[in-house]
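Take a first look at this protein model. Follow one residue at a time, then step back to the whole chain.

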Amino acid sequence: MKYEEQPITVITIDELLARTTRFFHEGYRLVQIGCTRVDGKFEINYSFDKDYRFENIRVELQEGGTLPSISSVYFGAFIYENEIH
């Protein structure tokens, strides 16, 4: 069985809102936001889907840093963001 590739694009914090806004306007739905600690920093992964094709972006955050909320673009993101906080 062949699996679809699901690349992860690493972006900067400054790119986060623009990228998620673009996904929204292109018709992608937010699938999940996950966070894990790796080597003293946090990796926040955002997964989006359109027509059964995943797009994943990752932001790396230093401990004590902050991220902008994407709930102004994807309202349901506030649930993920509250849990990550």
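Start with F48. This is a predicted model, and in it F48 has a long list of contacts beyond its neighbours within four places in sequence: T20, F23, Y28, R29, L30, V31, R53, F54, E55, I57 and Y74. F48 also belongs to a bigger group. The largest nonpolar core of the model holds 16 residues. Inside this core, Y46, F48, I70 and Y74 have the most contacts. Four elements each supply at least two of the core residues: helix α1 (16–25) and the strands β2 (29–38), β3 (41–50) and β4 (53–62). In soluble globular proteins, nonpolar side chains tend to be buried together.

**The whole chain**

How many helices and strands does the protein chain have? There are 2 helices and 4 strands. Read from the N terminus, their order is β-α-β-β-β-α. The radius of gyration is 13 Å, close to the 12 Å that the globule rule gives for 85 residues, so the chain is as compact as a globular protein of that length. The C-alpha trace spans about 40 × 30 × 20 Å along its principal axes.

Now look at what is covered and what is not. Of the 85 residues, 28% are buried. The chain exposes about 5,900 Å². Carbon and sulfur atoms supply 51% of that area.

Sequence distance matters for reading the contacts. Take the contacts with a separation of 6 or more: residues 24 or more positions apart account for 50% of them. The charges can be summarised too. The chain has 9 positive and 14 negative charges, and their mean positions are 4 Å apart.

**Strand β4: V59 and E55**

Two residues of strand β4 are worth a visit: V59 and E55. Is V59 buried or exposed? V59 has a relative accessible area of 0%, so it is buried. Beyond its neighbours within four places in sequence, V59 is in contact with I11, T12, I13, L16, F42, E43, I44, Y46 and L67. One of these partners, Y46, is also among the core residues with the most contacts.

E55 has a relative accessibility of 23%, so it counts as partly exposed. With the neighbours within four places left aside, its contacts are F23, Y28, Y46, S47 and F48. The link between E55 and F48 also appears in the contact list of F48.

**Helix α2 and the loop before it**

Y80 sits in helix α2, which covers residues 77–84. Its relative accessibility is 29%, so Y80 counts as partly exposed. Which residues does Y80 touch, leaving aside neighbours within four places in sequence? They are L30, V31, Q32 and I33. These four positions fall in the range of strand β2 (29–38).

G76 lies in the loop between β4 and α2. At a relative accessible area of 36%, G76 is partly exposed.

**Pairs in sequence and in space**

The table sets C-alpha distances beside separations along the chain.

| Pair | Apart in sequence | C-alpha distance |
|---|---|---|
| Y80 and Q32 | 48 residues | 7.5 Å |
| V59 and T20 | 39 residues | 12 Å |
| E55 and Y28 | 27 residues | 8.8 Å |
| G76 and V59 | 17 residues | 19 Å |

Two of these pairs also appear in the contact lists. Y80 is in contact with Q32. E55 is in contact with Y28.

**The loop between β3 and β4**

Finish with the backbone. Most residues other than glycine have a negative phi. Two residues here go the other way. D51 is not a glycine, yet it has a positive phi of about 55°. Y52 is not a glycine either, and its phi is positive too, near 65°.

Where is D51? D51 is placed in the loop between β3 and β4. Y52 is placed in the loop between β3 and β4 as well. Are they buried or exposed? The cut-off for exposed is over 50% relative accessible area. D51 has 66% relative accessibility, so it counts as exposed. Y52 has 75%, so it counts as exposed too.

Terms used
Residues are numbered from 1 along each chain as its sequence is written. This is a predicted model: local features need pLDDT of at least 70, side-chain atom pairs count only at pLDDT 80 or more; totals for chains, interfaces and linings use all residues. Side-chain values use heavy atoms; hydrogens and water are left out. A nonpolar core is a set of buried Ala, Val, Leu, Ile, Met, Phe, Trp, Tyr and Cys residues joined through side-chain atoms within 4.5 Å. Buried means under 20% relative accessible area, exposed over 50%, partly exposed in between (1.4 Å probe, protein chains only). Contact means heavy atoms within 4.5 Å. The radius of gyration is taken over C-alpha atoms; the globule rule is 2.2 Å times the number of residues to the power 0.38. Accessible areas come from the Shrake-Rupley method with a 1.4 Å probe; for residues, only the protein chains shown count as cover. Lys and Arg count as positive and Asp and Glu as negative; His and the chain ends are not counted. The place of a charge is taken as NZ of Lys, CZ of Arg, CG of Asp or CD of Glu.
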